[in-house]
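Okay, thanks everyone, let me get the model up on the screen. I'll walk through a handful of spots and stop for questions as we go.

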Amino acid sequence: MNREELGNIMTVRTKPAAVMVGKINGHREDEGESKLEPHVGLEFNTAEEAQEFYNVYATRVGFKIRIGQLYRSRADGSVISRRFVCSKEGNQTNSRTGCHAFIRVQKVDSGKWVIANIKKEHNHEAEASGEICPRTQRKTFPTPRSSSGGASRTGIRSHDDDSPSDAVDSKRLKREEMDGVGGPSAEPYKGLAFNSANEAYKFYLAYASSIGFRIRIGQLFRSKHDGSITSRRFVCSKEGRQHPSRVGCGAYMRIQRQESGKWVVDRLEKAHNHELGGPTESNGTSSAASKGYREEGSSMLENLDLVETNGGLSLVKRVRESNIGSDWYSVLLPYFQSRQAGDTGFFYAVEMREGKGMNIFWADARSRFSCAQFGDAIVFDTTYRRSSYSVPFASFVGVNHHRQPVLLGCAVIADESEESFTWIFQAWVRAMLGCRPVSIIADQDSAIQHSIAHVFPGTHHRFSAWQFLAKEQENLGALLSVHPEFKYEYEACIQSQTANEFDSAWNMLMKKYMLRENTWFKEMYQNRKSWLPFHIKGTFFAGIPVGESLKPYFSNILTPQTPPYEFILRYEKALEQRHEEERKEDFNSFNMQAVLHTEDPIEEQCRRLYTITMFKVFQKELLDSYSYIGIKINVEGAISRYLVQKRENGNERNTVAFNASNLNISCSCKMFEFEGILCRHALQVFKMMNIRELPSRYVLHRWSKNAKYGILRDSDSAGGSQNFKALMLWSLREEARNYIEAGAESLERYKLAFEILQEGRRSLCWQN
């Protein structure tokens, strides 16, 4: 925006709403009233500033606004785009007309917010102008300080002297009359401290009443050590989608218990995705509130695990509610039944609790078969938690022999409790015939951590990259603003190569920046095996890079707005798309050959065994090994240790241990342990020892061309082929389908295919 436009916006922003409304209704205009029209490219300092501008514009034109959808970054979960829409957008109520008028603002690299899309046309008549929408009335902006001469510190003229001296914000006064909790403004903010959870609950209840919404008590978190409550969430009553009256609102306040016994607001979201009502009684017991609870079909005591009784908070048994709408059961269950009729290996389970449907899990035969090959490293993908998805859909995803995502099961999650996640993980184990992964990538919430520890006790849980980065930025932001140099020291610390090196660097940071009592840093140290690179690299994760995520299986095919009636069609489309991608890679691996770059027989051996994708990974390591030299530094019996370093860079060095008696080899870089491919350092030592063929244990079957048939090779060791009958049926049917397609291309092919089938059937009859 130019200086004149910015001045207009800032003038409107600093005017009290009551004065501005009065002038609009009275048809008076002055130099402080903005007539600026929204247009693409219009720039704001914050999203709130854009919202306030659009609200003023809407008031002048004659309509009201609501906050629409928000979009988050896949990298760190931060909000990068917001939509502000006409209040008549959608058709959820009779008062709405499906109006498409909106503006969408997007955050750019400079930190500014810019209008990226706009639609001004409405499909309804304009209302009487002048009413400020209650949704934005609660947001007040700080008035720039000004001297008696009227020039503010920012150089923008303030119109405070134009306002009547008796203009009073009644909501602000009402908030100031509360118990004195939180200060005169009674606005929640991060860092706000309370003496008890009871005090925090009363504060948020009073705040909600004054603003115009109701609250419920949400999830609680307990200590792993003594089971005591360490954190609580108070949420808008319209959070979730268990009932038609709930709209998935994301407004909440979370408090965390400190070692001092205080409770501090550590997370806060003030924005609602619905219109706010008028102020209610501060005790939250107005008739409207009571009616609202009755509309949701349950009383406050039934839904909450923390309720206000006799002036205090009491724990009661929480009745678990489902976030899955009833229409999803009516869509999914018939689909499961039809799939099971045509796919004998199809598995599904529904958790029933007190006669109500809760969690849902399913996996087709292909997913179950794939798990036998690729179930060693899995991702529990809960992308729905990053945005307001219409259904809490999660998936189990592995990595196939082409490094593509492969589906290993799906779930719809009723609630984010430990009970729900435990049930889903147990259902997955049953479907996969007792298979338990070596590693799992999942979110770091305590409920998920506890469930993984219970169901997969020997599995290495690695935190999801997007969630960890988001929490890291959230907790390091304030520290970095004061101590920018902390970033480099912190990064150097987490790149430590040994436990002792890390502990030394970590303790130095905690002492230098006085962080020993910081709750987040304590939790991170306790959970260091789930995020520290040197801990992660010692476990097989199918090469999914540290700090990165596996490509989503359903990509953009399933979106937050996918309705129930479209879900199955899109789900099937995604399956077919992924299956076709795998078929193409299978064809390429069996019918094409990569170019050899050396005369090393090991290269030819691996080209013959690996898929093309994995051979290229191996080939790069082999070629890079020629740039390294190895020096024997130690001999203990049959085990020799070598220092392997790059010829022109002595700083890059690793230690390789080689056992001449059994050809076992290991490298300090841990590439084979993490990725299942031998590293350049180990290959250099093999060359030094004149090893002409890799031992079979260093060419993992899961990366080979024949990986999809590995279940038949391993069935005896897994307890007999009888348990795998459904999987063998699927395998044969999949091959038969390809055989039939090839045999039906011409009459001659058909005759040949038929003769081969008859001969094969006769051969099988002679088998016992």
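Let's begin with Tyr 57, which counts as buried because its relative accessibility comes out at 7%. Keep in mind throughout that this is a predicted model. Phe 63 is buried too, with a relative accessibility of 5%.

How many aromatic pairs are there? The count comes to 52 aromatic pairs. Tyr 57 and Phe 63 make one of them: their ring centres are 6.1 Å apart and the planes stand at 80 degrees, so that's edge-to-face. Another edge-to-face case is Phe 396 with Phe 425, where the centres are 6.1 Å apart and the planes are at 75 degrees. What I like about this one is where the two partners come from. Phe 396 is in strand β16, residues 393-399, while Phe 425 is in helix α11, residues 418-431, so the pair ties together parts that are 29 residues apart in sequence. Phe 396 and Phe 425 are both buried.

Staying with α11 for a second, that helix also holds Trp 423. Buried or exposed, this Trp 423? Buried, since its relative accessible area is 14% and the cut-off is under 20%. Its C-alpha sits 9.8 Å from the C-alpha of Val 350, and those two residues are 73 apart along the chain. Beyond its sequence neighbours within four places, Trp 423 contacts Ala 349, Val 350 and Glu 351, then Asn 359, Ile 360 and Phe 361, and also Arg 430.

Now the aromatic cluster. Eleven names would be a lot to read out, so just a few: Trp 328, Tyr 335, Phe 336, Trp 362 and Tyr 571 are among the members of one aromatic cluster. Hold on to Trp 362, please. Which residues have the most contacts inside the largest nonpolar core? Trp 362 and Phe 618, in a core of 66 residues. Setting aside neighbours within four places, the contacts of Trp 362 include Leu 332, Phe 346, Phe 393, Val 412 and Phe 567. Apart from that core there's another one, of 32 residues, with Phe 361, Ala 394, Ala 411 and Ile 440 among them.

That Ile 440 takes us to strand β18, residues 439-442. Ser 439 and Ile 441 point one way from β18, Ile 440 and Ala 442 point the other way, and all of them are buried. β18 pairs in the parallel sense with strand β15, residues 377-381, over 3 bridges, and there Ala 377 is opposite Ser 439. β18 also runs parallel to strand β19, residues 460-463, with 4 bridges, and in that pairing Ser 439 faces His 460.

Just down from there in my notes is a charge over a ring: the charged end of Arg 462 sits over Phe 541, 4.9 Å from the ring centre. There's also Lys 687, over the face of Tyr 626 at 3.2 Å from the ring centre.

Back to the start of the chain, and an open sheet. 5 strands line up as β1-β5-β4-β3-β2, with antiparallel pairing. β1, at 43-44, and β2 are the edges, each having a single partner strand, so one side of each has no neighbour in the sheet. Inside the sheet, 5 bridges join β3, residues 79-86, to β4, residues 102-107, running antiparallel, and Ser 81 is across from Gln 106.

On β2, residues 65-72, have a look at Arg 66. It's an arginine that counts as buried, because its relative accessibility is 4%. What does its side chain find in there? A polar atom of the Arg 66 side chain is 3.3 Å from the backbone oxygen of Ser 87. Its contacts outside the local stretch include Glu 89, Arg 96, Asn 273 and Glu 275.

Two last stops. In helix α19, residues 601-609, the buried residues are Ile 602, Glu 603, Gln 605, Cys 606 and Arg 607, and they pack against α20, 612-625. At the start of α19, a side-chain oxygen of Asp 600 comes within 2.9 Å of the backbone nitrogen of Ile 602.

And finally a hairpin: β20, residues 628-636, and β21, residues 639-646, are antiparallel and joined by 8 bridges. There are 2 residues between them, and Gly 637 in the turn has a positive phi of about 65 degrees. Val 635 has Ser 640 as its bridge partner in β21. That's my tour, over to you.

Terms used. Residues numbered from 1 in each chain as written. Predicted model: local features only at pLDDT ≥ 70, side-chain atom pairs only at ≥ 80, totals over all residues. Heavy atoms only, no water. Pairing = 2+ DSSP bridges. Buried < 20%, exposed > 50% of the residue type's maximum accessible area, 1.4 Å probe, protein only. Polar contact = N/O pair within 3.5 Å; in protein donor to acceptor, adjacent residues only side chain to side chain. Contact = heavy atoms within 4.5 Å. Phe/Tyr/Trp six-rings, centres within 6.5 Å; stacked < 30°, edge-to-face > 60°. Lys NZ or Arg CZ within 6 Å of the ring centre and 35° of its normal. Core = buried A, V, L, I, M, F, W, Y, C linked by side-chain atoms within 4.5 Å.
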